[in-house]
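Take a look at the sequence and the model below. Then read on for a short report.

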Number of protein chains: 2
Amino acid sequence: MAKQPPPTKRPAKRPTSFEVAELAGVSRSTVSLVLNGVPKANISQATQQRVLEAARALGYVPSAAGRTLASGRTRTLGLLICHAEHLRVDAFIPQALFGLNQVSQRYGFKVIVEAVEEPRPGAYLELVRAKQVDGLVVLNPRRGDAQLSELAREGFPLVIMGASEIPEVCTVSSRDNTLGARRAVTHLIALGHTRIAHISYGGLEYRGAEERFEGYRRALEAAGLPFEGALVREGDYSAESGFSAMASLLEAGAGFTALFASNDTVALGAMAALRERGLRIPEDVAVVGYDDIPLAAFAAPPLTTVRSPALEHGRLAGEMLVSLIRGERPERTQVDFELELVVRASCGAASPPRR
Amino acid sequence: MAKQPPPTKRPAKRPTSFEVAELAGVSRSTVSLVLNGVPKANISQATQQRVLEAARALGYVPSAAGRTLASGRTRTLGLLICHAEHLRVDAFIPQALFGLNQVSQRYGFKVIVEAVEEPRPGAYLELVRAKQVDGLVVLNPRRGDAQLSELAREGFPLVIMGASEIPEVCTVSSRDNTLGARRAVTHLIALGHTRIAHISYGGLEYRGAEERFEGYRRALEAAGLPFEGALVREGDYSAESGFSAMASLLEAGAGFTALFASNDTVALGAMAALRERGLRIPEDVAVVGYDDIPLAAFAAPPLTTVRSPALEHGRLAGEMLVSLIRGERPERTQVDFELELVVRASCGAASPPRR
DNA sequence: GTGAAAGCGCTAACAC
DNA sequence: GTGTTAGCGCTTTCAC
């Protein structure tokens with residue numbers, strides 16, 4: 001098996017800092033100081049030049065492992081996705097990752113993405129314990145994750161994205177999911193709907209899903225409308241789940257004129273189910289989603305939704321995490337994005353079809 | 001700034017292999033051998049037990065940097081996204097990443113995701129040169145990327161996802177994009193369409209976009225239909241770009257009855273533009289996309305598309321890369337997925353609305 | 001301003 | 001079967 005033709009392939013012999021030092025006629029420490037731009041080690045311009053040139057000439061790039069071992073820093077962040085399926089089916093993560101990636105690059109960090117398949121809590125701990133990342137962004141942790149609290153208690157740089165129940169930990173989320181959901185449902189109520197169904201994006205063990213559900217209930221309550229369990233279904237981030245949840249609602253014949261889905265992808269699936277049965281949106285059933293994924297504006301009809309700026313989430317989580325890693329106190333530790341209800345045609349209000 | 005209360009936070013003192021060795025009453029090498037499960041170093045059952053227990057008792061996890069430095073292996077893969085925007089707006093990447101993540105975990109690898117923002121070619125080289133990854137999956141490289149060929153020539157483990165122009169390099173793609181596109185367009189022609197517009201997902205510097213465009217041309221040619229530049233627009237992975245490309249096509253008044261978009265997201269954007277102008281799909285304009293993203297089946301109407309199994313792409317790329325890293329010759333070096341045209345309602349053929 | 005020296009935590013030959 | 005011995009490539013404190 002392992003029979004490769006070695007002639008054509010050089011084993012990619014990497015130069016070491018030693019060789020750079022030799023070529024520049026200085027010591028390895030000087031090379032290190034120059035390349036890391038250590039300010040207080042006043043290296044003369046001339047020496048700096050020589051070192052930089054030597055490095056370039058040799059195509060020298062410091063070994064990540066070497067510097068990690070010596071410095072204790074990895075210059076790597078981890079993005080932990082607690083529910084792997086979320087990655088596959090929803091549009092929130094890629095956007096957040098995009099934002100995180102932007103920030104990381106700016107500060108010279110790499111990003112390790114880890115999606116946890118099985119509900120083995122604390123799988124991600126390995127990344128931390130192996131000292132492979134300097135900090136961790138955790139997306140939508142399960143509630144009561146003891147390992148996570150433990151990590152936070154140890155002072156490990158940690159940012160939670162999505163609803164969190166650990167108060168001391170930096171969190172970036174949308175201003176109280178409950179509030180966003182309330183706004184969405186209140187909007188439907190204002191339009192005259194009194195029987196409003198709900199499909200969640202996950203079980204109540206996910207804080208965010210629970211909060212949005214809670215917002216739904218509160219909005220009903222505030223309007224004096226009764227809550228009916230028969231109008232509620234549980235989805236799982238996917239359009240499929242939205243489709244079948246809606247199918248189930250329709251079969252149950254519960255009778256409703258509006259839907260609040262706590263995730264756009266789920267909403268789009270539900271809309272497909274409505275269309276398949278010849279029901280019109282919004283005339284027969286008005287629909288409101290949550291997240292404002294890029295495709296929401298292009299749905300048929302364009303989806304009214306609560307904007308939860310995924311990209312900004314990623315960026316901000318990155319900023320916070322980098323601050324924490326540097327031992328600074330981040331400017332803000334609990335960031336809530338202002339939640340805007342983006343009104344489009346799916347709930348019937350007259351509005352321009354695109355954003 | 002850096003004033004943290006040290007009392008509550010232990011600095012997370014990690015145990016080393018030395019401490020495990022001490023506790024187990026063996027040497028560090030034995031610890032290493034046991035924990036790495038080196039088979040040919042017959043360690044007695046009893047010793048193994050002792051070491052394992054000691055490790056567990058201490059909560060020992062080997063330092064990634066240490067073992068990398070000593071072994072030369074990082075147990076980390078890189079996923080390189082050549083066009084960062086692709087990550088933000090399209091649904092292909094998260095699925096591929098999902099697949100890659102599955103395989104990586106199975107083989108004990110982590111995944112570093114790097115999305116290149118600026119068209120600075122070779123930015124990714126740093127990952128390789130810093131010896132931070134053992135291998136690289138490169139998604140949709142730009143054509144004529146010299147750094148990439150160089151890397152391949154050096155024998156660095158490399159797998160290209162998407163169309164590649166470097167023959168010696170392992171590639172996982174969909175069976176000749178050209179063929180898939182031909183099938184799509186031929187299907188439209190068979191339905192009686194003679195004026196078929198095309199919106200690409202990227203410029204011709206992207207091999208995949210070019211191939212799909214090529215397939216479009218060939219299909220027309222094979223049917224004796226003329227090619228018209230006026231019916232072609234360039235998109236960029238996003239629904240927005242599909243929307244405006246379609247708007248532009250309609251304004252140009254080129255007159256067409258069908259659209260082939262080389263990417264589903266673009267197709268969905270184009271469909272929104274059609275609907276906005278009151279055009280019916282497929283009666284006025286039939287639409288075929290490419291990729292079969294999860295939402296394609298839930299579009300209005302459900303989108304006919306060429307299935308390009310993103311998740312499998314990721315899985316397979318992972319398998320190949322791991323093989324290469326291990327110095328094996330992967331079972332297959334050029335994997336082309338069978339391209340299936342998934343016929344749904346958007347092109348008018350009678351068909352069940354969901355997959 | 002620059003160099004010397006001491007590790008960082010681990011693996012892998014090679015002895016025993 | 002297990003321990004000894006070298007490094008892997010870098011950073012960083014402290015002299016010079």
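This report covers the two chain copies, the DNA surface and one sheet.

This is a predicted model: local features need pLDDT of at least 70, side-chain atom pairs count only at pLDDT 80 or more, and totals for chains, interfaces and linings use all residues. Residues are numbered from 1 along each chain as its sequence is written, chains are lettered from A and ligands numbered from 1 in the order in which they are written, and side-chain values use heavy atoms, with hydrogens and water left out.

**The two copies**

Two copies of a chain are related by a rotation about an axis and a shift along it. Here a rotation of 180° with 0.0 Å of shift superposes chain A on chain B, with an RMSD of 0.1 Å. The fit is by least squares on the C-alpha atoms of residues with pLDDT of at least 70 in both copies. The copies are thus related as by a two-fold rotation axis. Both use the same surface: 100% of the contact residues of chain A recur in chain B. Contact means heavy atoms within 4.5 Å.

**The DNA surface**

DNA strand D is surrounded by 26 residues. A residue counts as near if one of its heavy atoms lies within 4 Å. Among the closest are A:Arg28 and A:Tyr60. Of the atoms of DNA strand D within 4 Å of the protein, 64% belong to sugar or phosphate; the rest belong to bases.

The table lists polar contacts (pairs of N or O atoms within 3.5 Å).

| Protein atom | Partner in DNA strand D | Distance |
|---|---|---|
| A:Ser32, polar side-chain atom | phosphate oxygen | 2.9 Å |
| B:Ser44, backbone N or O atom | phosphate oxygen | 2.9 Å |
| B:Thr47, polar side-chain atom | phosphate oxygen | 2.5 Å |

Helix 2 (28-35) and helix 4 (64-71) of chain A, with helix 2 (28-35) and helix 4 (64-71) of chain B, each give two or more residues to this surface. Helix 4 of chain A gives the largest share, five residues. Helices (H or I, at least four residues) and strands (E, at least two) are DSSP runs, numbered from the N terminus.

**The sheet**

In chain A, six strands form an open sheet in the order 7-6-8-9-10-12, with mixed pairing. Two strands pair if DSSP finds at least two bridges between them. Strand 7 (232-234) and strand 12 (340-342) of chain A stand at the edges, each with a single partner strand, so one side of each has no neighbour in the sheet. Strand 10 (residues 304-307) and strand 12 of chain A pair in the antiparallel sense over three bridges. A:Val306 stands opposite A:Leu341 in strand 12 of chain A.

How values were computed:
A polar contact is a pair of N or O atoms within 3.5 Å; within protein, one must be able to donate a hydrogen and the other to accept it, and residues adjacent in sequence count only if both atoms are side-chain atoms.
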